[in-house]
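Open the model in your viewer and keep the sequence panel beside it. The stops below say what to select next and what is there.

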Amino acid sequence: MSRAFFDGDRMHEADVKAIVMETLIEQDRVRRSDIDAVVVKTIATVLTSFGFEEGDRRELRADFQHLRRWRRSVEQAQTYTFKAVITVIATGFLGAVWLGIKATLGK
């Protein structure tokens, strides 16, 4: 710091606050960079344990895109299956009602 902090033997309160703030900011910056380094290393380790090399980012992206498309197609198939089951049940019920009405009127 370029300013003189001492006025005789005393430090000014504003100077002490400035030093404390600068120290806290520096500690926060160091902690964040340490956390970032740990996170990057952890992610790289996990991906490597799954068989992905660090340089295979395109392949990893393609795998996740394929997985997403597959999941969406399965969800769509489930929706169509549900609709088909409801249609079959409704058709069977209406057919049974029609046969009941036809039998009642035919007697």
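A residue counts as buried under 20% relative accessible area, as exposed over 50%, and as partly exposed in between. With a relative accessible area of 36%, Glu26 therefore falls in the partly exposed class. Keep these cut-offs in mind through the tour, and note that the model is predicted.

**Whole chain**

Start with a cartoon view of the full chain. The chain holds 2 helices and 2 strands, and from the N terminus on the order is β-β-α-α. Now show the surface. The accessible surface is about 10,000 Å², and carbon and sulfur atoms account for 63% of that. How much of the chain is buried? Buried residues are 4% of the 107 in the chain.

**Helix H1**

Select residues 13-49, which form helix H1. H1 has 37 residues, and its first and last C-alpha atoms lie 54 Å apart, close to the 54 Å expected at 1.5 Å a residue. Next, go to Gly51, which follows H1 and has a positive phi, near 95°.

**Salt bridges**

The whole structure contains 4 salt bridges; three stops follow. Side chains of opposite charge can pair when their charged atoms come close.

- Select Glu13 and Lys17. Their side chains meet in a salt bridge, 3.3 Å from N to O. Both residues lie in H1, 4 residues apart, about one turn of the helix. Glu13 and Lys17 are both exposed.
- Select Glu26 and Arg29. These side chains also meet in a salt bridge, with 2.5 Å from N to O. The two residues are about one helical turn apart because they sit 3 residues apart in H1. Arg29 has 47% relative accessibility, so Arg29 is classed as partly exposed.
- Select Arg71 and Glu75 for a salt bridge in helix H2. The closest N and O atoms of this pair are 3.2 Å apart. Arg71 and Glu75 are 4 residues apart in H2, so about one helical turn separates them. Arg71 is partly exposed at 39% relative accessibility, and Glu75 is partly exposed at 39%.

**The largest pocket**

Where is the largest pocket lined? Select Val40, Ile43, Ala44, Leu47, Thr48, Phe52, Glu53, Glu54, Asp56, Arg57, Leu60 and Arg61, which line the largest pocket. H1 and H2 are the elements that give two or more residues to this lining. H1 gives the most, with 5 residues. The volume of the largest pocket is about 250 Å³. Rolling a probe the size of a water molecule over the atoms shows where empty space is left.

Stay with the lining and pick out Leu60. Is Leu60 buried or exposed? Its relative accessible area is 14%, so Leu60 is buried. Leu60 belongs to helix H2. Now add Leu47, another lining residue, and draw a distance between the two C-alpha atoms. Leu60 and Leu47 are 13 residues apart in sequence and 9.3 Å apart in space, C-alpha to C-alpha.

**A nonpolar surface patch**

For the last stop, turn to helix H2, residues 57-106. Which residues make the nonpolar surface patch? Select Phe93, Leu94, Val97, Trp98, Leu99, Ile101 and Leu105, which together make a patch of about 800 Å². Within this selection, look at Val97, which is found in H2. Val97 has a relative accessible area of 35%, so Val97 is partly exposed. A residue needs over 30% relative accessible area to be part of a patch, and Val97 at 35% is therefore above that cut-off.

How values were computed. Residues are numbered from 1 along each chain as its sequence is written. This is a predicted model: local features need pLDDT of at least 70, side-chain atom pairs count only at pLDDT 80 or more; totals for chains, interfaces and linings use all residues. Side-chain values use heavy atoms; hydrogens and water are left out. Patches are made of residues with over 30% relative accessible area and no salt bridge: like charges are joined within 9 Å, nonpolar side chains (Val, Leu, Ile, Met, Phe, Trp, Tyr) within 5 Å. Accessible areas come from the Shrake-Rupley method with a 1.4 Å probe; for residues, only the protein chains shown count as cover. Buried means under 20% relative accessible area, exposed over 50%, partly exposed in between (1.4 Å probe, protein chains only). The expected span of a helix is 1.5 Å times one less than its number of residues. On a 1 Å grid over the protein atoms alone, a cavity is a set of points where a 1.4 Å probe fits but cannot get out, and a pocket is an open set with protein on both sides within 12 Å along at least five of seven lines; lining residues have an atom within 4 Å of a point. Grid points are joined across faces, edges and corners, and a volume is the space filled by probe spheres set on the points.
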